[in-house]
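This briefing goes through one protein chain, topic by topic. Keep the sequence and the model in view while reading.

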Amino acid sequence: TQTLVSSGVPHAQLARAMPPLLRNWAAIARRRNAYQLMAFSIFLSRKFDVPMDDVLPTGCIRDLEGGALQIPLAQPIAEIVAASTALTVARVTHEGIAHFATNCRFENRICPRDELAKCWRANQRETLSLFAHEDDIWLLHEVVAKLWLHGSHGDYTTATSTQPVRILDRVIARYLSCDVVGT
């Protein structure tokens, strides 16, 4: 959010991007009992005049862990990821639960999908830290921020990193310099 706010993006454009972002954060906060994240989501909802009903929808949170990926776009995303020839990972968050898809190349060389999911559930460190160099994680945050900003209305959008990101290849025990493209 700091990247979005400090980027000079007009307040009105940020306000349009906030509801889906805050809804997602609030769902994650509920699932993880992350009080600071919930408080920050509520603070931003007030700052950007987003109604609380848009941030904290009523209804129960279904437990999807261990079950089939019954969320919108999950199957098409998994198929796109599997078909990719690049190192490819995707995270889809639905009702506060992250689901990961990786292609074979990413799974075998960079990080297994099960390890990503285990890291997410443990909530002890950022999943990106499993494969991205610690000094480059901000570049991945920047890509995600751009995606949230431009894709807030359900539109298909793409964002790229402003410089290469070092990704650890576990097979050769070296960092690879990679251009990151998010969709």
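Which residue of E2 does Val89 stand opposite? Val89 stands opposite Thr102. The model is predicted, and the points below describe what was computed from its atoms. The protein has 8 helices and 6 strands, and E2 is one of the elements treated in detail here.

**Overall make-up**

- Read from the N terminus, the order of elements is α-α-α-α-α-β-β-α-α-α-β-β-β-β.
- The protein contains 183 residues, and 38% of them are buried.
- About 11000 Å² of the protein is exposed, and 53% of that area comes from carbon and sulfur atoms.
- Of the contacts between residues at least 6 apart in sequence, 48% connect residues at least 24 apart.

**The hairpin of E1 and E2**

- Strand E1 covers residues 89-94 and is joined to E2 by 6 bridges, with the two strands running antiparallel.
- The hairpin has 2 residues between its strands, and Glu95 there takes a positive phi near 55°.
- Strand E2 (residues 97-102) is largely enclosed by the rest of the structure, because 6 of its 6 residues are buried.
- Cover is present on both faces of E2: Ile97, His99 and Ala101 are buried on one side, and Ala98, Phe100 and Thr102 are buried on the other.
- Thr102, the residue opposite Val89, is therefore one of the buried residues of a strand in which 6 of 6 are buried.

**Aromatic rings**

- A search of the whole structure gives 3 aromatic pairs.
- One of them is formed by Phe106 and Phe131, whose ring centres are 5.3 Å apart and whose planes make an angle of 85°, an edge-to-face arrangement.
- This pair links distant parts of the chain, as its two residues are 25 residues apart.
- Phe106 belongs to helix H6 (residues 104-109), while Phe131 is in the loop between helix H7 (113-122) and helix H8 (137-150).
- Phe106 has a relative accessibility of 4%, so this residue counts as buried.
- Phe131 has a relative accessibility of 8%, so this residue counts as buried too.
- Trp25, Phe40 and Phe43 make up one aromatic cluster.
- Trp120 has a charged partner: the charged end of Arg32 sits over the Trp120 ring, 4.0 Å from the ring centre.

**Ser41 and its surroundings**

- Ser41 lies in helix H3, which spans residues 35-47.
- Why does Ser41 count as buried? Its relative accessibility is 0%, and the cut-off for buried is under 20%.
- Apart from neighbours within four places in sequence, Ser41 is in contact with Leu22, Trp25 and Ala26.
- Trp25 thus appears twice in this briefing, as a contact of Ser41 and as a member of the cluster with Phe40 and Phe43.

**Cysteines**

- How many disulfides does a search of the whole structure find? The search finds 0 disulfides.
- Cys111 is in no disulfide, and the nearest cysteine sulfur belongs to Cys119, 7.9 Å away.
- Cys111 is buried, with a relative accessible area of 0%.
- Cys178 has a relative accessibility of 17%, and this residue counts as buried because the cut-off is under 20%.

Technical notes:
Residues are numbered from 1 along each chain as its sequence is written. This is a predicted model: local features need pLDDT of at least 70, side-chain atom pairs count only at pLDDT 80 or more; totals for chains, interfaces and linings use all residues. Side-chain values use heavy atoms; hydrogens and water are left out. Buried means under 20% relative accessible area, exposed over 50%, partly exposed in between (1.4 Å probe, protein chains only). Helices (H or I, at least four residues) and strands (E, at least two) are DSSP runs, numbered from the N terminus. Two strands pair if DSSP finds at least two bridges between them. Rings of Phe, Tyr and Trp (its six-membered ring) pair if their centres lie within 6.5 Å; planes under 30 degrees apart count as stacked, over 60 as edge-to-face and the rest as tilted. A charge sits over a ring if NZ of Lys or CZ of Arg is within 6 Å of the ring centre and within 35 degrees of the ring normal. Contact means heavy atoms within 4.5 Å. Accessible areas come from the Shrake-Rupley method with a 1.4 Å probe; for residues, only the protein chains shown count as cover. A disulfide is a pair of cysteine sulfur atoms within 2.5 Å.
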